[in-house]
Amino acid sequence: MDHFLYRDGVLHAEDVPVTEIAAAVGTPFYAYSTATLTRHFKLFDEALAWGEHLVCFAMKSNSNLAVLKLLGDLGAGVDVVSVGEYLKARAAGIPGERIVFSGVGKTREEMRIALEGGIRQFNVESEPEMIALNEVALSLGKVAPITVRVNPDVDAKTHEKIATGRKEDKFGIPIARAREVYAEAAAMKGLKVVGIDVHIGSQLTDLAPFEAAYTKVADLTRALREDGHEIHRLDLGGGLGIPYERSNAAPPLPSDYGEMIRRTVGDLGCEIEIEPGRLISGNSGLMVSRVIYHKQGEGRDFLILDAAMNDLVRPSMYGAHHDIVPVIEPAPGTEMQPFDIVGPVCESGDTFAKQRPMPPLGEGALVAFRSAGAYGAVMASEYNSRPLIPEVLVQDDQFAVIRARPTFDEMINRDTIPEWL
Ligand code: LLP
């Protein structure tokens, strides 16, 4: 459920007509709903209310400071994967004890900054990383709390580019080697083992792969405890999918997910962490764009938008589907017509949808991409020298620009021409 509905024939973000935001900030732009972000965070928080837990928002999905501040104020932790994310989370007021640090390639400098600034735990992904973290911690006279990310060799049955839990993927340590690796960790004075971490992929629409992975983690917890390790925290990763196509069957709800977690690992007495990104931010955001031209091609019609693959890369990168709806609600009975919906970037991959049934839309019409709050703005670039598009946060009847569109001068002045040229 989200808070983007038609009212009096106009798509609204909460109580604000999308047309009003477009008039104020220009197109294209991202708009996020405070109510939807809040609701989705709370769904997870309530789904785990049966035990001690922390919902760590995967901020790679949406790292705007205002979004982080909103979720942080609700009690969320965050999952970060770079020192840039760590510093943004801190700047948004999230304390170190609510930040977990994931990622396969943490540098020593990143480790140092997080250790000095305060961190809940590092999710360590390899032995070389473990050795480096131990050295950095010892050099600072600190002890780094760690989990080891295990790779459970489970196929998440999701898009090839976002599956992470199979043995051929680059993530984590093979679960079969975990006891050995935990023994090595326990011998390192700069590290303190606090738990186990697992994350098998993103946009999972079935609980079975999660259940298979978490069952393996439960068995590993028992085995590691037998070996004398104090396992009191389980980080179960993110990955629960969202309904990108309203016409499709809905994926499992956070409450079903929470029940499954209870069933698989709930008897271990561990504190549970989860790292959802997409389910919190995805359906909380729209990308709004304007039709530049309606072009009649050879046997097909194109809607050429002012947004492009550099603004929302998911369709070109993963062949992802986003529902695209007119901001002005079509009259009942309006006949639909198939369009190829594209951006102005100079490559054919800059296509958002092919032969998508849409009502007749002419120059200047506004359209909204649904489910664009996750992996939208964060993956944008200035390809084709198109400045990053603004982000807007809506709450009830008010809205604010939470990232301004850079001016052309700002974009140009980011480059420098050497004196000798
Ligand atoms: N934890 C870890 C360690 C992750 O690698 C990820 C996502 C998450 C949590 C959050 O997963 P979520 O709950 O959002 O599914 N750009 C791609 C998605 C990449 C996901 C990468 N890791 C997309 O647009 O579909």
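## A tour of the ligand and its pocket

Start with the shell of residues around the ligand: it divides into 6 nonpolar, 6 polar and 6 charged residues. Keep in mind that this is a predicted model.

**Stop 1: the nearest neighbours.** Select the ligand and show the 18 residues around it. Which of them come nearest? They are Ser 202, Glu 275, Arg 314, Tyr 318 and Tyr 375. Label these five before moving on.

**Stop 2: the polar contacts.** Zoom in on Ser 202. An N or O atom in the side chain of Ser 202 is 2.4 Å from an oxygen atom of the ligand. Turn next to Glu 275. Here the partner is a nitrogen atom of the ligand, 2.6 Å from an N or O atom in the Glu 275 side chain. Now pick Arg 314. One of its polar side-chain atoms lies 2.6 Å from a ligand oxygen atom. How much of the ligand does the protein cover? On its own, the ligand has 590 Å² of accessible area, and the protein covers 91% of that.

**Stop 3: the pocket.** Hide the ligand for a moment and look at the space it leaves. The ligand sits in the largest pocket. That pocket has a volume of about 630 Å³. Its lining is made of 30 residues. Select Lys 60, Thr 164, Phe 171, His 199 and Tyr 375, which lie nearest the pocket centre. Tyr 375 was also on the list at the first stop. By type, the lining divides into 9 nonpolar, 11 polar and 10 charged residues.

**Stop 4: the two domains.** Colour domain 1 (4-31 + 282-412) and domain 2 (34-280) separately. Why does the largest pocket lie between them? Both domains give residues to its lining, so the pocket lies between the two. Bring the ligand back and check its shell. Each of domain 1 and domain 2 supplies at least three residues to that shell.

Note on methods:
Residues numbered from 1 in each chain as written. Predicted model: local features only at pLDDT ≥ 70, side-chain atom pairs only at ≥ 80, totals over all residues. Heavy atoms only, no water. Near = heavy atom within 4 Å. Polar contact = N/O pair within 3.5 Å; in protein donor to acceptor, adjacent residues only side chain to side chain. Areas by Shrake-Rupley, 256 points an atom, 1.4 Å probe, with all protein chains shown as cover. 1 Å grid on protein atoms, 1.4 Å probe; cavity = no way out; pocket = protein on both sides within 12 Å on 5 of 7 lines; lining within 4 Å. Sits in = over half its atoms within 2 Å of the grid points. Nonpolar A, V, L, I, M, F, W, Y, C, P; charged D, E, K, R; others polar. Domains from an automatic or database assignment. Points joined across faces, edges and corners; volume = space filled by probe spheres on them.
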